Amino acid sequence: MTKAIDLEARLFMIAQMIPVCEVLCDIGTDHAYIPLYAAQMDLCKKIIATDIREGPLRIAKNNIEEHGLSHMIELRLGDGLDCIQDHEADTVLICGMGGLTITEMLEKNKRKVDICNRLIIQCMYADEMVREYCYKNGLDISEERICCDRNKLYTAMSIIPGGLPKKVHPAFYHASPSLLEQKTDLVLKYLDRRIGLLIRIRSGMKRAKDPDSEKTDELKEIINKLKDIKNERKDGKEDYGPLR
Ligand SMILES: C[S@@+](CC[C@H](N)C(=O)[O-])C[C@H]1O[C@@H](n2cnc3c(N)ncnc32)[C@H](O)[C@@H]1O
């Protein structure tokens with residue numbers, strides 16, 4: 001029996017969100033830690049672990065062999081969802097990358113995204129791009145979780161494709177209703193940090209030679225909406241009202 005894989009908090013949060021499924025695909029697997037965990041926990045029958053670079057796949061191969069799981073995890077080299085056929089994987093993970101890379105991947109293979117049962121997405125930055133993409137493309141963020149790892153906050157989304165586009169207030173690009181309805185101090189801390197970041201971005205925009213007043217006004221509205229949500233959360237009110 002090989003050693004059980006020990007995941008750091010961010011990866012553990014993602015792993016806990018994987019439903020029991022048939023074929024799991026981990027895009028941008030790098031070290032293959034999540035596939036190893038999923039295989040050890042018997043979460044699925046088969047796992048396809050992909051990466052765009054050969055170096056990470058070599059490391060993944062060593063890790064998989066070390067854990068005796070080569071019969072369950074297949075490695076593939078390539079860009080995003082190009083590596084899988086239609087209907088080949090029912091659950092797709094895209095984690096540890098930036099929002100731009102992730103939205104480009106989703107857009108490039110829209111059909112494959114729409115026919116899978118579930119996507120689990122975890123962004124390292126620019127996560128607002130992914131939420132906006134989801135609302136506009138009928139990808140329902142059914143659950144969003146948060147964790148703290150070495151004083152950094154990470155969120156991860158469980159997404160059900162195949163729905164209708166939704167018009168929402170742009171403040172919800174920064175946190176989904178599913179995240180905001182959670183009664184935890186981590187969510188408050190997340191809101192504090194996000195509001196601080198947006199205030200700094202807006203100040204930078206205003207200091208520019210020729211500031212775009214439409215953009216700074218829009219950012220102000222987002223900041224105010226997030227502040228309202230934070231205050232309602234602090235006062236213990238749980239209903240954030242409609243999304244608009
Ligand atoms: C920071 S690692 C994240 C590894 C792991 N998913 C995690 O969450 O810890 C990002 C990995 O994604 C890979 N990657 C970047 N762009 C990609 C793409 N378009 N398709 C597949 N893999 C990609 C990189 O080579 C890298 O190994």
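Three elements, β2 (46–51), β4 (91–98) and α4 (99–108), each give at least two residues to the shell around the ligand. The model you are looking at is a predicted one, and this ligand shell is a good place to start a tour of it.

**The ligand shell**

Strand β4 makes the largest contribution to the shell, with three residues. The shell around the ligand counts 17 residues, and those that come nearest are G28, D30, I52, C95 and G96. Sorted by class, the shell holds seven nonpolar, six polar and four charged residues.

**Two domains**

Let us step back to the whole chain. The domain assignment splits the chain into domain 1 (9–168) and domain 2 (185–234). Between the C-alpha centres of domain 1 and domain 2 there is a distance of 29 Å.

**How the helices pack**

Three pairs of helices are worth a look, and the table sets them side by side.

| Helix pair | Axis distance | Crossing angle |
|---|---|---|
| α8 (185–207) and α9 (213–234) | within 10 Å | roughly 160° |
| α4 and α6 (127–136) | 7 Å | about 25° |
| α1 (9–16) and α2 | within 10 Å | roughly 45° |

Take α8 and α9 to begin with. Their axes cross at roughly 160°, and angles over 145 degrees count as roughly antiparallel, so α8 and α9 are roughly antiparallel to each other. The hand of the crossing between α8 and α9 is left.

Next come α4, one of the elements that supply the ligand shell, and its partner α6. The two pack at an angle of about 25°. Since angles under 35 degrees count as roughly parallel, α4 is roughly parallel to α6. The crossing in which α4 passes α6 is right-handed.

How are α1 and α2 oriented to each other? With a crossing angle of roughly 45°, α1 and α2 are oblique to each other. As α1 passes α2, the crossing is right-handed.

**Two residues with positive phi**

Most residues other than glycine have a negative phi. A32 is not a glycine, yet its phi is positive, at about 65°. This residue sits in the loop between β1 (23–27) and α2 (33–40). Is A32 buried or exposed? A32 counts as buried, because 27 C-beta neighbours fall inside 10 Å.

R150 also is not a glycine and has a positive phi, of about 45°. You will find R150 in the loop between β6 (140–149) and β7 (152–160). R150 is exposed, because 7 other C-beta atoms lie within 10 Å.

**Residue pairs to follow in the structure**

Strand β5 (residues 118–125) contains L119. L119 has 24 C-beta neighbours inside 10 Å and so counts as buried. Along the sequence, L119 and V92 are separated by 27 residues, while their C-alpha atoms are 4.8 Å apart in space.

Over in helix α9 there is K230. How exposed is K230, and why? K230 counts as partly exposed, because its C-beta neighbours inside 10 Å number 18. What is the C-alpha separation of K230 and L188? Although 42 residues apart along the chain, K230 and L188 have C-alpha atoms separated by 6.5 Å.

One more residue belongs with the same helices: D212 is placed in the loop between α8 and α9. D212 counts as exposed, because it has 12 C-beta neighbours inside 10 Å, and 12 or fewer is the limit for that class. In sequence, D212 and K136 are 76 residues apart, and from C-alpha to C-alpha the two are 24 Å apart.

Terms used. Residues are numbered from 1 along each chain as its sequence is written. This is a predicted model: local features need pLDDT of at least 70, side-chain atom pairs count only at pLDDT 80 or more; totals for chains, interfaces and linings use all residues. A residue is near a molecule or strand if its C-beta atom, placed from the backbone, lies within 6 Å of it. Helices (H or I, at least four residues) and strands (E, at least two) are DSSP runs, numbered from the N terminus. Ala, Val, Leu, Ile, Met, Phe, Trp, Tyr, Cys and Pro count as nonpolar, Asp, Glu, Lys and Arg as charged, and the others, Gly among them, as polar. Domain bounds come from an automatic or database domain assignment. A residue is buried if 20 or more other C-beta atoms lie within 10 Å of its own, exposed if 12 or fewer, and partly exposed in between; C-beta atoms are placed from the backbone. Axes are lines fitted to C-alpha atoms, for helices over the stretch in contact, and angles run from 0 to 180 degrees between N-to-C directions. Angles under 35 degrees count as roughly parallel, over 145 as roughly antiparallel, 65 to 115 as roughly perpendicular and the rest as oblique. A crossing is left-handed if the near helix is turned anticlockwise from the far one by less than a right angle, and right-handed if clockwise.
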